[in-house]
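Dear colleague,

Please find below the structure I promised to hand over. My findings on its salt bridges and its nonpolar cores follow.

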Amino acid sequence: MSDRILGGLGLLLAVFFIWQATLIKESFISDPVGPKTFPIIIGVLVGLSSLAIFLKPDEEPEWPEFARLFEVGLTIAVMIAYAYALPTAGFVVSTAVAASYLSWRLGTPPVKAAIAGIVISVGIYVVFHLILGLSLARGPWGF
Amino acid sequence: MDTLNALADGFSIALTFQNLGLALIGCFLGTIIGALPGLGPSNGVAILIPLAFTLGLPATPALILLTSVYYGAMYGGRISSILLNIPGDEPALMTTLDGYPMAKKGMAGEALALSGIASFVGAFFATWGLVFLAPQLVKVALLFGPAEYFALFALAFATLGGIASRNQAKAALAAGLGLGIAMIGVDGQTGVPRFSFGEVHLYDGIDFLVAIVGLFALSEVFIFLEHRGTTKATGDASGIKLGRLMPPMSMLKQTAPTMARGTVLGFIAGVLPGAGASLGSFIAYSVEKRLVDKHNTFGTGDPRGVAAPEAGNNAAAGGALVPMLALGVPGSGTTAVLLAMLLALNITPGPLLFTNNPDVVWGLIAALFIGNIMLLVMNIPMVSLFVRVLLVPPRYLMPAVAMISFVGIYGISGSTFDLMVMVGFGVLGWLLRKLDVPLVPVILGVLLGNQMEANMRRAMTISDGDWSALVSSPLAIGLWAFAFFGFILPIIGGRFFRSKLPRADSEADPD
């Protein structure tokens, strides 16, 4: 079933991709092939391979139970929040929070996870910023 | 003799204080990366690229650092294979078959030392192979025109799909996805934006470093999150005694022919585009088993079963550098990542690299020889140090990996948008791995898409729109024929290679 969904989505993607390719505006100078042809070839490739996957699916992969999927989703949300928090809260604070969360969800007891998060964050800050001179996100407190 | 002179010049470049230091750091980090389950050569190198890039290293030192990591990871993968029965990375999968039984018999130290020596032999002779084969390939490549390059790229995708994956349709889909992603952004020849939906951030296209770190490194974090608490994610090395760290001479004598065969087979597997180190170790092990396993001792801790795959995968690592440097077409996942770094540094690999930047090529090759000796020293007397690193549980390791990935990408662009795209690629990579869609063709597509299109259009411009120009030279026809058979034969031939591999690699790190 998973492979049939993959094949179906691939077909939709191929159709969308080819449609978008035909909408590309040509400029007044162009080579004989132009900017549309290669994307259309790719679209056909994606379409054909998706069709093959749809018609001849492999055995079903082992999907995790719903709770785990939800957890993966939550982690994705935390990562997105982290990306937004970086410029406002600064590197050390946001990284400590995100790393603690990840460590906790991977099975560390909460207090230890918080310590691990702080150690990871400060460790990266010291090695990459103070020693190697990489510029990291600056927050309101300058770190 | 030109080659040897060039190599001597290479040594004078590599033997600076900075480059030696970088090689040492690279070998050390690489061994750790290889040894830790969940971090392998391709995602290890992927995380380090943005860092090497933002630190402002010039091309040669950056390449020395990262290829040392690559070679080191090939050495390191065996450590957890032998001690924990968990391959540290995919190429080390075959080493578990005899390495772990040896460790259970109390011969862990011998197994580690023997595999270290086998790794050295494989990597050392493969580097010599690189020295002599790459310049020959460059001579051939100088005859290539745009049509031939277009065919060569097609060949790389075809063999990648045909030989190295279980389902050709999925490999083709992966290649299409990668190529499609490469199309995003302003068209280099006419200046019109494509697939950017009016989003200014997309006009420059998707940065391939963002895609690589997301697909390889972040997806690993999701895999671990999913398998939390199961034995897949953790191992226990505390119960195993290392024992003596030197194999007896008789064992070395017994395994010497095995190492020689493994090296040759591995090197050939590495040179083939798209095959890579996993195939090298697999072929080396299975051929050796067929040749010398008279008493059915393979799989029960036969030293030859440890030496063969280790010589094979290290030789393949060297072999995979040949097409990457000489043609600009990588032979495996990790060399694709190395290609990404060269492109990020504005160096285009291929025949011109050898004439325009001989210092980069030969400095790198010399550094590989030096790194190899460092690795041998690190991996035999100091192996217990790395064994201790293995005891770091993934629940501390993976958050650090994720955060370093973010640091690297943020360091390049300082843009939240790129981080979003990276998280998106992480999710995509996780889903594709679950569905057994290989990631290497995706990366190859993202990396080579624009060049592939440019070569096609250049060939068309020369012929003024005549499509038969793509198959007008014998060289191009030969490449297309190879591509065709490389893709089709494995479908007919019952997927001779991969079907025999244990079904573990969909969730393991690709080499």
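How many salt bridges does the structure hold over all chains? In this predicted model, there are 11 over all chains.

One of them pairs the side chains of Lys170(B) and Asp58(A), at 3.0 Å from N to O. Lys170(B) belongs to helix H7 of chain B, while Asp58(A) sits in the loop between helix H2 and helix H3 of chain A, so this pair joins two chains. Lys170(B) is buried, at 1% relative accessible area, whereas Asp58(A) is partly exposed, at 29%.

Within chain A, the side chains of Arg105(A) and Glu71(A) form a salt bridge of 2.8 Å, N to O. Arg105(A) lies in helix H4 and Glu71(A) in helix H3, so the bridge ties together parts that are 34 residues apart in sequence. Arg105(A) is buried, with 16% relative accessibility, and Glu71(A) is buried with 12%.

In chain B, Arg457(B) and Glu453(B) form a salt bridge, with their closest N and O atoms 2.9 Å apart. Both lie in helix H18, separated by about one helical turn. Arg457(B) is buried at 0% relative accessible area, and Glu453(B) is buried at 3%. These two residues are linked with Asp187(B) and Arg194(B) in a network of salt bridges.

As to the nonpolar cores, the largest has 210 residues, and Phe91(A) and Ile79(B) are among those with the most contacts inside it. Helix H5 of chain B gives the largest share, 18 residues. Domain 1 (2-55) and domain 2 (66-131) of chain A both contribute residues, so this core lies between them. Another core, of 5 residues including Met94(B) and Phe282(B), lies apart from it.

Yours sincerely

How values were computed
Residues numbered from 1 in each chain as written. Chains lettered and ligands numbered in written order. Predicted model: local features only at pLDDT ≥ 70, side-chain atom pairs only at ≥ 80, totals over all residues. Heavy atoms only, no water. Core = buried A, V, L, I, M, F, W, Y, C linked by side-chain atoms within 4.5 Å. Buried < 20%, exposed > 50% of the residue type's maximum accessible area, 1.4 Å probe, protein only. Helix = DSSP H or I, 4+ residues; strand = E, 2+ residues; numbered from the N terminus. Domains from an automatic or database assignment. Salt bridge = Lys/Arg side-chain N within 4 Å of Asp/Glu carboxyl O.
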